[in-house]
Amino acid sequence: RIYDPSRYTHAVVARNGHFFAIDIVHPDTAEPLPVSSIEAQLTEVIKEADSKPPSKLGLLTSSNRDSWTNARNTLIEAGGDSMKMALEVLESGAVMLCLDDTAPVSREECCIKLLTGGEASGSNRWFDKSIQLMVSKNGKSGILGEHSMMDG
């Protein structure tokens, strides 16, 4: 599904397997929010996510398409309208920022973390998002693009 960027002006942040929406555009002026505002929101996300046990929800999106579709439908059946709305917020974000609590060093470690998240950070991804920016605690970062929505 394609979401209208004039209606959906948030980004999604993944931390510890939990997903949070943050504002990136002022709702009245449509201007980008100042860095200090985004930084404050990110600080709150980290604080809240780190106070909770890890979640594995994002791993569902790493399954094959049929399994993930069935799991998504099961989530909506079990969670009703609130789950449907939560998934819409997650899926409609302009980008996803994955804040990983790992510190890859070698090229191989970085490749695994950036491509799949590996065992430690795989649940901190949402593989249906078109653009995911991953940042490790040591600053190693990269981008993962799911291109099918942009093909053609």
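**Notebook: loops, cores and charged pairs**

I began with A30, which is exposed, with a relative accessible area of 57%. I was working with a predicted model throughout. I placed A30 in the loop between β2 and α1 (35-50), and I noted that its phi is positive, at about 65 degrees, although A30 is not a glycine.

**Entry: the other positive phi I looked up**

I turned next to N16, where phi is near 60 degrees, again a positive value in a residue other than glycine. N16 sits in the loop between β1 and β2 (18-23), and I list N16 as partly exposed, because its relative accessible area is 25%.

**Entry: nonpolar cores**

Which residues touch the most other members of the largest nonpolar core? I found that this core has 15 residues, and that F19, L90, M96 and W126 are the ones that touch the most other members. When I sorted the core by element, β1 (10-15), α2 (65-92) and β3 (96-99) turned out to be the elements that give two or more residues to it. The largest share comes from α2, which supplies six residues.

I also noted a second core, separate from the one above, with nine residues, among them A11, L42, A49 and L99.

I then listed the surroundings of W126, leaving out residues up to four places away in sequence. W126 touches F19, L90 and M96, and its contacts also include L57, G58, T61, W68 and L87. The polar or charged names I wrote down for W126 include E91 and Q132.

**Entry: salt bridges**

How many salt bridges does a search of the whole structure find? I recorded five, and I followed several of them residue by residue.

The side chains of R65 and D128 meet in a salt bridge, with an N to O distance of 2.5 Å. R65 lies in helix α2, whereas D128 lies in the loop between α4 (118-121) and β4, so this pair ties together parts that are 63 residues apart in sequence. I checked the exposure of both partners: R65 is partly exposed at a relative accessible area of 42%, and D128 is partly exposed as well, at 29%.

Is the pair of D100 and R125 made of buried or exposed residues? I first confirmed the salt bridge itself, in which the closest N and O atoms of D100 and R125 are 2.7 Å apart. This pair links distant parts of the chain, with D100 in the loop between β3 and α3 (107-115) and R125 in the loop between α4 and β4, 25 residues apart. D100 counts as buried because its relative accessible area is 3%, and R125 counts as buried because its relative accessibility is 0%.

I added the pair of E91 and R72, whose side chains meet in a salt bridge at 2.9 Å, N to O. R72 is partly exposed, with a relative accessible area of 24%. E91 had already come up in my notes as one of the residues that W126 touches.

**Entry: strand β4 and a surface patch**

I looked at V135, which is found in strand β4 and which counts as partly exposed because its relative accessibility is 29%. Setting aside neighbours within four places in sequence, I found V135 in contact with L97, C98, L99, D100, K140 and S141. D100 is thus a contact of V135 and also the salt-bridge partner of R125. For a longer reach, I took the C-alpha atoms of V135 and T29, which are separated by 29 Å and lie 106 residues apart along the chain.

I131 has its place in strand β4 too (residues 131-135). I131, L133 and I143 form a nonpolar patch on the surface, with about 240 Å² of accessible area together. I131 counts as partly exposed because its relative accessibility is 31%.

**Entry: cysteines**

How many disulfides does the count come to? With the cut-off set at sulfur atoms within 2.5 Å, I arrived at zero. C98 is in no disulfide, since its nearest cysteine sulfur, that of C110, is 15 Å away and the cut-off is 2.5 Å. C110 is in no disulfide either, and its nearest cysteine sulfur, that of C111, is 7.1 Å away. On exposure, I noted C98 as buried because its relative accessibility is 0%, and C110 as buried because its value is 13%.

Technical notes: Residues numbered from 1 in each chain as written. Predicted model: local features only at pLDDT ≥ 70, side-chain atom pairs only at ≥ 80, totals over all residues. Heavy atoms only, no water. Buried < 20%, exposed > 50% of the residue type's maximum accessible area, 1.4 Å probe, protein only. Patch = residues over 30% accessible without salt bridge, like charges linked within 9 Å, V, L, I, M, F, W, Y side chains within 5 Å. Areas by Shrake-Rupley, 256 points an atom, 1.4 Å probe, with all protein chains shown as cover. Salt bridge = Lys/Arg side-chain N within 4 Å of Asp/Glu carboxyl O. Helix = DSSP H or I, 4+ residues; strand = E, 2+ residues; numbered from the N terminus. Core = buried A, V, L, I, M, F, W, Y, C linked by side-chain atoms within 4.5 Å. Contact = heavy atoms within 4.5 Å.
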